[in-house]
Amino acid sequence: MGKLTPFLWFDTQLEEAMEFYAGIFPDAEIIETHNFGGQVTVATFRLAGQEFRGMNAGPQFPFTDAISFWIDCVDQAEVDYYWDALLAGGGHPEQCGWLRDQFGLAWQVVPRRLPELMTDPDPERARRTMDEMMTQVKLDVAALERAADGA
């Protein structure tokens, strides 16, 4: 386990969430689970090389947008894959590449091209990219590039 590990507080869905995420991220691994009272209560799992700890502890502290996980996608196909997979089972799309999965966890599904365009040395290209991004729900690389180019 690394020095810093995100710790996720679930109501009762820890085991279901780990299995859901393991079905999405190709290198996912459930590392260890601890059962108390017949259900997984505490667990460690890995997604995309990042370890997480999770706990079932009741509904007192639901997830908020104050914490989200950014998925660095190499292209539109990867954006589409993660977007669709994380929305499956009752997730909700939000604006600018954000979504909330069925467990309430917030994700940012971002094509690598977006930060490249937003940090373009030409401030007008960067502004046009930002303006286009603000109109999108799932990010569309081709539309972002057209906007940056002024097309």
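Two strands are said to pair if DSSP finds at least two bridges between them. Strands (E, at least two residues) and helices (H or I, at least four) are DSSP runs, numbered from the N terminus. With that in hand, F7 stands opposite R53 in strand 4.

Before going on, please keep in mind that this is a predicted model, in which local features need pLDDT of at least 70, side-chain atom pairs count only at pLDDT 80 or more, and totals for chains, interfaces and linings use all residues. Residues are numbered from 1 along each chain as its sequence is written, and side-chain values use heavy atoms, with hydrogens and water left out.

**Strand 4 and its partners**

Strand 4 covers residues 50-56, and 5 of its 7 residues are buried, so the rest of the structure largely encloses it. Buried here means under 20% relative accessible area, with a 1.4 Å probe and protein chains only. Strand 1 (residues 7-10) runs parallel to strand 4, while strand 3 (residues 39-47) pairs with strand 4 in the antiparallel sense. R46 has E51 in strand 4 as its bridge partner. The hairpin of strand 3 and strand 4 has 2 residues between the strands, and A48 there takes a positive phi near 50 degrees.

Here are three of the strand pairings side by side.

| Strands | Sense | Bridges |
|---|---|---|
| Strand 1 and strand 4 | parallel | 4 bridges |
| Strand 3 and strand 4 | antiparallel | 6 bridges |
| Strand 7 and strand 8 | antiparallel | 3 bridges |

**An open sheet**

Another stop is an open sheet of 4 strands in the order 5-8-7-6, with mixed pairing. Strand 5 (68-73) and strand 6 (92-93) stand at its edges with a single partner strand each, so one side of each lacks a neighbour in the sheet. Strand 7 spans residues 98-100 and strand 8 residues 106-111; L99 stands opposite W107 in strand 8.

**Aromatic rings**

W107 also belongs to one aromatic cluster, whose members include F7's neighbour in the story, strand 1 residue F10, along with F52, F69 and F103. A search of the whole structure finds 13 aromatic pairs, where rings of Phe, Tyr and Trp (its six-membered ring) pair if their centres lie within 6.5 Å.

**Two packed helices**

Helix 4 (residues 123-133) and helix 5 (residues 141-148) pack at an angle of about 140 degrees, with their axes 7 Å apart. That makes helix 4 oblique to helix 5, the term for angles that are not under 35 degrees, over 145 or from 65 to 115. R125, R128, T129, E132 and M133 of helix 4 make the contact with A143, L144, A147 and A148 of helix 5, contact meaning heavy atoms within 4.5 Å.

Note on methods
Rings of Phe, Tyr and Trp (its six-membered ring) pair if their centres lie within 6.5 Å; planes under 30 degrees apart count as stacked, over 60 as edge-to-face and the rest as tilted. Buried means under 20% relative accessible area, exposed over 50%, partly exposed in between (1.4 Å probe, protein chains only). Axes are lines fitted to C-alpha atoms, for helices over the stretch in contact, and angles run from 0 to 180 degrees between N-to-C directions.
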